[in-house]
Amino acid sequence: MTELPTLYQYYTAGGINAGLSTAQEYFTLNNRNITIYSGAMHYFRIPRDYWRIHLRKMRAAGLNAVETYVPWNLHEPEPNSFDFGTGGSDMEEFLDLAQFLKTAQEEDLLAIVRPGPYICSEWEFGGFPSWLLRIKNIKLRTAEENYMSAVRRFYNVLLPILAAFQFTKGGPIIGFQIENEYGSTEQKGKFVPDRQYLTQLLQVYLTHGIVELLFTSDSPSTHGSVGTLPGVLFQTANFGSNPEKDFDRLKQLQPNKPAMAMEYWGGWFDHWSEKHHTRKNSDFNNVLERILRYPASFNIYMFIGGTNWGFLNGANIADGSVNNKGYQPDTTSYDYDAPLTEAGDYTEKYIMVKELIKKFSKVNLNTPQAPSITLKIAYPTINVTGQLKLKEIIDRVPEKFESPTPISMEHLPMNNGAGQSYGYITYKKENLHIPANSVLTIEGHVCDTVMVLVNGMLVSKPLRSAVDLNGFGYWRIANGKLHLGVEDVHNATLELVVENWGRNNFGYLEQFNQYKGIWQGGILLNNDKLLNWQIIPMEFKRKWNDNLTGWHVPEALWLAGPSMYRAMFVVNELADTFIDMKKWGKGIVIVNGFVLGRYASMLGPQQTLYLPAPLLRKGTNSIIVFEHFTASEEIAFSSQPIFYTPAINGDVPTVIKQN
């Protein structure tokens with residue numbers, strides 16, 4: 001019995017003479033017909049130790065390619081300071097792009113790479129580094145020189161790495177995306193996508209020796225070809241349903257070319273305080289079969305969603321708003337209801353993909369057995385043993401700044417000219433006289449939430465349900481007002497603790513003006529503008545988290561107010577788990593110094609945080625919780641994720657345990 005060839009054996013037999021071609025109505029790779037069966041897996045959302053097993057699961061399903069974005073904000077966290085796996089940033093262990101591409105090829109997969117510079121992806125700021133906002137007069141996603149010079153500097157480092165992995169050079173990459181959903185920036189009467197910008201991006205690729213297929217992706221039925229260079233760049237489609245509509249439009253725009261869905265949305269993502277998104281398996285299967293029957297190629301977005309670690313979730317701004325009123329932050333989980341869950345477990349959609357590829361594929365290749373899933377356990381519940389109150393936290397912050405008026409995170413003079421990108425920022429004023437019945441006003445919209453404390457006591461309302469998002473302290477209202485009480489307070493310390501809950505990742509260009517903190521106006525006490533603030537950035541970087549000292553026995557857990565809480569636990573068997581935050585309020589979880597992600601139990605839908613085994617260590621581990629309001633005495637674990645539809649106006653939430 002003759003053994004079936006691998007993917008690479010089949011497409012490289014006799015030597016490599018050509019890459020991916022669109023010279024006819026079907027793709028060819030190295031002059032052999034190919035239908036692309038691809039799935040999205042973002043290396044920066046998956047622990048490096050799990051790249052290989054998840055890639056093997058993809059190949060076992062019959063996929064022949066993996067697609068990934070490249071997040072600029074992680075790879076250049078400070079101007080001219082780069083991290084591709086050895087740069088020392090908090091995300092270093094997720095960033096070895098070269099190793100990811102090598103592993104994909106070793107697992108018999110081709111690669112499609114979408115380097116940005118903008119990636120959307122429900123990722124913080126659409127992948128842009130926030131320090132771009134410090135550059136005066138910059139115009140993102142245009143040919144404006146301040147922006148393009150920053151792009152070129154990044155690409156001068158990135159593209160040589162990618163060029164070495166091109167298919168025609170013996171690597172896995174068969175195509176590069178020039179820009180991402182650029183047609184979506186179209187705004188009638190205000191903005192037409194800048195083709196000079198696309199032309200300049202194209203030239204950067206060519207200068208760095210990129211020879212594989214160059215493409216763009218958009219909704220062709222909505223935006224036509226405004227977001228591409230017709231006749232120069234290959235155009236692909238993004239959609240969740242009705243594939244024939246977009247493929248027919250592609251055929252009109254570029255006749256006699258193959259059709260491809262660069263993003264077939266197999267599920268969807270979640271916003272905090274909104275419904276947990278799932279997609280019926282039958283609907284998913286129906287659309288995928290219609291794609292293949294058309295016939296067309298596909299990339300399933302997402303095949304495995306992974307996690308928006310730390311502070312790296314993105315957000316949407318609804319209804320074209322530019323002032324934060326329509327802000328919708330994304331959850332930490334990016335499960336996406338994909339064929340593989342956030343933790344890499346198989347779903348019915350996985351089986352459907354495998355069966356459809358087997359049904360339609362005309363090439364019989366060797367595929368591996370589907371690997372076993374990783375072990376999931378619920379570790380025993382642990383008790384909180386340490387606390388640091390807000391004053392103690394602030395005392396431990398190494399850099400503090402003075403400013404006559406409140407300024408945004410991004411404009412703080414820190415991090416080698418990068419400003420503050422993530423976390424919290426506190427505006428503090430001491431020796432203040434607060435008369436009885438005083439009213440505090442924050443002009444404009446806060447970006448994104450604020451807790452107000454007087455002499456260390458929380459005086460703003462704790463977040464109890466989604467309804468509270470309509471009141472003071474949250475992004476939806478302008479010029480929010482807070483009554484500070486009926487007592488006259490002398491020598492008061494006023495602290496405003498603001499959370500950056502993630503920058504917008506999609507929309508019109510003016511919606512990317514995503515400064516964080518208090519910056520749209522002043523802070524007023526009884527209509528008098530308060531001046532001369534101390535500003536304290538609270539970044540929760542790993543080195544700082546690991547070196548915290550002075551933990552003491554927790555006091556008055558029932559009192560509402562921001563504090564850090566620590567619990568220690570011993571691990572004998574390394575396994576994936578989920579931290580169950582249902583008994584907590586709102587905040588972030590830090591494991592062994594690494595910010596795992598956000599939680600907001602009263603908002604939902606996410607109730608647990610995925611904690612993969614590679615982030616644990618045998619022996620003693622630490623969990624630190626920065627809680628905004630009311631803490632629990634313990635931290636619980638689960639062997640599976642829990643989502644629910646949030647309770648509004650006292651309704652009982654619907655709990656969803658993911659299988």
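This report describes the strands, nonpolar cores, aromatic pairs, cysteines and selected residues of a predicted model.

## Strand E4 and its partners

Strand E4 covers residues 37-41, and five of its five residues are buried. The side chains of this strand are divided between two directions. Tyr37, Gly39 and Met41 point one way, while Ser38 and Ala40 point the other way. Residues on both sides are buried.

E4 pairs with two strands described here. With strand E11 (residues 297-304), E4 pairs in the parallel sense over four bridges. Within this pairing, serine 38 has asparagine 299 of E11 as its bridge partner. With strand E5 (residues 65-69), the pairing of E4 is again in the parallel sense, over three bridges. Here glycine 39 is matched with valine 66 of E5 as its bridge partner. Between E4 and E5 the chain passes through helix H2 (residues 51-60), and the resulting β-α-β crossover is right-handed.

## A small antiparallel arrangement

Another part of the chain provides an example of antiparallel pairing. Three strands form an open sheet in the order E1-E2-E3. Strand E1 (20-21) and strand E3 (32-34) stand at the edges of this sheet. Each of these two has a single partner strand, so one side of each is left without a neighbour in the sheet.

Strand E2 (residues 27-29) and E3 are joined over three bridges in the antiparallel sense. One of the residues involved is leucine 29, whose bridge partner in E3 is arginine 32. In general, strands of a sheet pair through backbone hydrogen bonds, and the pairing may be parallel or antiparallel.

## The nonpolar cores

In soluble globular proteins, nonpolar side chains tend to be buried together. In this model, the largest nonpolar core has 171 residues. The residues with the most contacts inside this core are Phe540, Met564, Ile579 and Ile623. Helix H5 (residues 145-163) gives the most to the core, with 10 residues. Apart from this core lies another, of 28 residues, among them Ile434, Ala492, Leu494 and Leu530.

Which residues are in contact with methionine 564, once its neighbours within four places in sequence are left aside? The contacts of methionine 564 include Gly386, Gln387, Leu388 and Ile393. Phe540, Trp544, Leu548 and Trp551 are also among them, as are Ile590, Ile624, Val625 and Phe626.

## An aromatic pair between two strands

The structure holds 52 aromatic pairs. One of them is formed by tyrosine 424 and phenylalanine 626, and its geometry is edge-to-face. The two rings are 4.9 Å apart, centre to centre, with 85 degrees between their planes.

Tyrosine 424 lies in strand E17 (residues 424-434) and phenylalanine 626 in strand E31 (residues 619-627), so this pair ties together parts that are 202 residues apart in sequence. Tyrosine 424 is buried, with a relative accessible area of 0%. Phenylalanine 626 is likewise buried, with a relative accessible area of 0%.

## Cysteines without disulfides

How many disulfides does a search of the whole structure find? The search finds zero. Cysteine 120 is in no disulfide, and the nearest cysteine sulfur, that of cysteine 447, is 19 Å away. A disulfide would require the two sulfur atoms to lie within 2.5 Å. The sulfur of cysteine 447 therefore lies too far from the closest cysteine sulfur, in cysteine 120, for a bond.

Both of these cysteines can also be described by their accessibility. Cysteine 120 counts as buried, at 6% relative accessibility. Cysteine 447 is buried as well, with a relative accessible area of 2%.

## Two contrasting residues

Is lysine 583 buried or exposed? Lysine 583 counts as exposed because its relative accessibility is 61%, above the cut-off of 50%. This residue is placed in the loop between strand E27 (577-580) and strand E28 (586-591). Leaving aside neighbours within four places in sequence, lysine 583 is in contact with Ser632 and Glu634. The C-alpha atoms of lysine 583 and serine 321 are separated by 34 Å, and the two residues are 262 residues apart along the chain.

Threonine 103, by contrast, counts as buried, at 4% relative accessibility. Threonine 103 is found in helix H4 (residues 97-106). With neighbours within four places in sequence left aside, threonine 103 is in contact with Arg52 and Leu55.

Terms used:
Residues numbered from 1 in each chain as written. Predicted model: local features only at pLDDT ≥ 70, side-chain atom pairs only at ≥ 80, totals over all residues. Heavy atoms only, no water. Buried < 20%, exposed > 50% of the residue type's maximum accessible area, 1.4 Å probe, protein only. Core = buried A, V, L, I, M, F, W, Y, C linked by side-chain atoms within 4.5 Å. Contact = heavy atoms within 4.5 Å. Pairing = 2+ DSSP bridges. Right-handed = clockwise from strand over helix to strand, strands pointing away. Phe/Tyr/Trp six-rings, centres within 6.5 Å; stacked < 30°, edge-to-face > 60°.
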